[in-house]
Amino acid sequence: MIGLEGPSTVICSRAGCDADAAWALHWRNPKIHPRERVKTWLACDEHRGFLSDYLDAREFPLVVTPVSESVEFVPDRSDAGTAPSALPGARA
Ligand SMILES: [Zn+2]
């Protein structure tokens, strides 16, 4: 979504945590969500790892950004996996 600025409350999505969120975890379940579908969880510094581990364990594609940012889509994990070896300027 575009235009989410403003004093909206951003609280960590972890159950039982009411800390201010610093991170946004954008993810989807590739089995049920089209590529353009983006689910977003918010996380404080403490729970960013917990929530990303949770999604990692399920092999869901995930993009983590600062909480104020959004993404248009979440790339497939296979796409992301090819990125490190395809850096601009890196020649085989
Ligand atoms: Zn938290």
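Is Arg77 buried, partly exposed or exposed? Arg77 counts as partly exposed, at 36% relative accessibility. Here buried means under 20% relative accessible area, exposed means over 50%, and partly exposed lies in between (1.4 Å probe, protein chains only). The notes below cover the rest.

1. Basis. This is a predicted model: local features need pLDDT of at least 70, side-chain atom pairs count only at pLDDT 80 or more, and totals for chains, interfaces and linings use all residues. Residues are numbered from 1 along each chain as its sequence is written, and side-chain values use heavy atoms, with hydrogens and water left out.

2. Fold. The protein has two helices and three strands. Along the sequence the pattern reads β-β-α-β-α. Helices (H or I, at least four residues) and strands (E, at least two) are DSSP runs, numbered from the N terminus. Of the 92 residues, 24% count as buried. Among contacts with a separation of 6 or more, 53% come from residues 24 or more positions apart. Contact means heavy atoms within 4.5 Å.

3. Zinc site. Four protein donors hold the zinc ion: Cys12 (SG), Cys17 (SG), Cys44 (SG) and His47 (ND1), lying 2.0 to 2.3 Å from the ion. Donors are N, O and S atoms within 2.8 Å of the metal (3.2 Å for Na, K and Ca); water is not among the atoms, so sites may look incomplete. The angles among the four donor atoms run from 103 to 116 degrees, and the site is tetrahedral. Four donors count as tetrahedral if all angles lie between 85 and 135 degrees; four count as square planar and six as octahedral if opposite donors are over 155 degrees apart and all others between 65 and 115; anything else is irregular. For reference, the ideal angle for four tetrahedral donors is 109.5 degrees.

4. Zinc ligands in sequence. The donor spacing is C-x4-C-x26-C-x2-H. Cys17 sits in the segment before strand S1 (23–27), and Cys44 in the loop between strand S2 (39–43) and helix H1 (45–57), so this pair ties together parts 27 residues apart in sequence. Cys17 is buried at 16% relative accessible area. Cys44 is buried at 5%.

5. Salt bridges around Asp76. The whole structure yields three salt bridges. The criterion is a side-chain nitrogen of Lys or Arg within 4 Å of a carboxyl oxygen of Asp or Glu. Asp76 meets Arg28 at 2.6 Å, N to O. Asp76 lies in the loop between strand S3 (62–66) and helix H2 (77–82), and Arg28 in the loop between S1 and S2, so the pair ties together parts 48 residues apart in sequence. Asp76 also meets Arg35, at 3.3 Å, N to O. Arg35 is in the loop between S1 and S2, so this pair ties together parts 41 residues apart in sequence. Arg28, Arg35 and Asp76 are linked in a network of salt bridges. Exposure varies: Arg28 is buried at 2%, Asp76 is partly exposed at 27%, and Arg35 is partly exposed at 32%.

6. Helix-to-helix bridge. Arg77 forms a salt bridge with Asp56, the closest N and O atoms being 3.3 Å apart. Arg77 is in helix H2 and Asp56 in helix H1, 21 residues apart. Asp56 is partly exposed, at 37% relative accessibility.

7. Aromatic pairs. The search finds three aromatic pairs. Rings of Phe, Tyr and Trp (its six-membered ring) pair if their centres lie within 6.5 Å; planes under 30 degrees apart count as stacked, over 60 as edge-to-face and the rest as tilted. Trp27 and Phe60 have ring centres 5.5 Å apart and planes at 5 degrees, so the pair is stacked. Trp27 lies in strand S1 and Phe60 in the loop between H1 and S3, so the pair ties together parts 33 residues apart in sequence. Both Trp27 and Phe60 are buried. Trp27, Trp41, Tyr54 and Phe60 form one aromatic cluster.

8. Charges over rings. The charged end of Arg48 sits over the ring of Trp23, 4.2 Å from its centre. Arg58 lies over the face of Tyr54, at 3.7 Å from the ring centre. The test is NZ of Lys or CZ of Arg within 6 Å of the ring centre and within 35 degrees of the ring normal.

9. Leu25. This residue lies in strand S1. Leu25 is buried, with a relative accessible area of 0%. Beyond neighbours within four places in sequence, Leu25 is in contact with residues including Trp41, Arg48, Leu55 and Val63. The C-alpha atoms of Leu25 and Ser52 are separated by 7.3 Å, at 27 residues apart along the chain.
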